[in-house]
Amino acid sequence: DQGDADAQFRLAYCYYEGGILPQDYAEAAALYRRVADQGHLGAQCSLGLAYRDGKGVPQDDREAARLIRRAANKGHALAQCELGGCLESGKGMPQDFDEAARLYR
């Protein structure tokens with residue numbers, strides 16, 4: 001661990017997916033949190049998805065939407081798509097079909 005955010009993000013992904021490393025959602029979430037706190041947009045989105053799915057962290061739609069919105073507002077494409085899903089379903093935030101449609105475009 002030399003503080004390289006992209007390397008830590010990739011390591012978190014390896015723990016989350018398993019295969020190369022043993023699957024460990026809690027370790028992945030902890031690494032995603034550390035890197036998300038450094039401003040890494042992919043980690044913010046991935047941690048949001050972990051909260052959405054309850055993998056490595058307690059399931060929490062509001063926290064998921066907050067993290068996903070944070071990355072989406074800075075231009076992260078996957079986060080924008082996922083935020084559209086939050087807005088469309090109303091999970092973790094008020095339902096807003098118009099804003100969801102805008103994000104899907």
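# A guided tour, starting at Gly 3

Select Gly 3: leaving aside neighbours within four places in sequence, Gly 3 is in contact (heavy atoms within 4.5 Å) with Gln 8 and Gln 38. Before moving on, please note that this is a predicted model, in which local features need pLDDT of at least 70, side-chain atom pairs count only at pLDDT 80 or more, and totals for chains, interfaces and linings use all residues. Residues are numbered from 1 along each chain as its sequence is written, and side-chain values use heavy atoms, with hydrogens and water left out.

Stay with Gly 3 for a moment. Gly 3 sits in the segment before α1; helices here are DSSP runs (H or I, at least four residues), as strands are (E, at least two), numbered from the N terminus. Colour by accessibility and you will find Gly 3 partly exposed, at 41% relative accessibility. On this scale, buried means under 20% relative accessible area, exposed over 50%, and partly exposed in between (1.4 Å probe, protein chains only). Now add Ile 20 to the selection: Gly 3 and Ile 20 are 17 residues apart in sequence and 21 Å apart in space, C-alpha to C-alpha.

## Stop one: the aromatic rings

Next, show the side chains of Phe 9, Tyr 16, Tyr 25 and Tyr 32, which ring pairs link into a cluster. A pair of aromatic rings is described by the distance of the centres and the angle of the planes. Rings of Phe, Tyr and Trp (its six-membered ring) pair if their centres lie within 6.5 Å; planes under 30 degrees apart count as stacked, over 60 as edge-to-face and the rest as tilted. The count by this rule is three aromatic pairs.

One of them joins Phe 9 and Tyr 32, a tilted pair with 5.7 Å centre to centre and 45° between the planes. Phe 9 belongs to helix α1 (residues 5–17) and Tyr 32 to helix α2 (residues 25–36), so this pair ties together parts that are 23 residues apart in sequence. Tyr 32 is buried, at 2% relative accessibility.

Turn next to Tyr 16 and Tyr 25. Their ring centres are 5.0 Å apart and their planes stand at 65°, so the pair is edge-to-face. Tyr 16 is buried, with a relative accessible area of 12%, whereas Tyr 25 is partly exposed at 26%.

## Stop two: α2 against α3

From Tyr 32, move to Ser 46, which lies in helix α3. Ser 46 is buried, at 16% relative accessibility. Not counting residues up to four places away in sequence, Ser 46 touches Phe 9 and Tyr 32.

Now display α2 and α3 together. They pack at an angle of about 140°, with their axes 8 Å apart. Axes are lines fitted to C-alpha atoms, for helices over the stretch in contact, and angles run from 0 to 180 degrees between N-to-C directions. The two helices are therefore oblique to each other; angles under 35 degrees count as roughly parallel, over 145 as roughly antiparallel, 65 to 115 as roughly perpendicular and the rest as oblique.

Which residues of α2 and α3 meet? From α2, select Ala 29, Tyr 32, Arg 33, Val 35 and Ala 36; from α3, select Ala 43, Gln 44, Ser 46, Leu 47 and Tyr 51. By class, this contact of α2 with α3 has seven nonpolar, two polar and one charged residues. Here Ala, Val, Leu, Ile, Met, Phe, Trp, Tyr, Cys and Pro count as nonpolar, Asp, Glu, Lys and Arg as charged, and the others, Gly among them, as polar.

## Stop three: α3 against α4

Keep α3 (residues 41–53) in view and add helix α4 (residues 61–72): their axes come within 8 Å and cross at roughly 160°. That makes α3 roughly antiparallel to α4. Residues making the contact include Leu 41, Gln 44 and Arg 52 of α3, and Asp 61, Ala 64 and Leu 67 of α4. The contact of α3 with α4 has nine nonpolar, two polar and four charged residues.

Pick out Arg 52, found in helix α3 and partly exposed, with a relative accessible area of 33%. Not counting residues up to four places away in sequence, Arg 52 touches Gln 59, Asp 61, Ala 64 and Glu 82.

## Last stop: α5 against α6

Finally, select helix α5 (residues 77–89) and helix α6 (residues 97–104), whose axes come within 8 Å and cross at roughly 160°. That makes α5 roughly antiparallel to α6. Among the residues in contact are Gln 80, Cys 81 and Leu 83 of α5, with Phe 97, Glu 99 and Ala 100 of α6. The residues of this contact divide into seven nonpolar, three polar and two charged.
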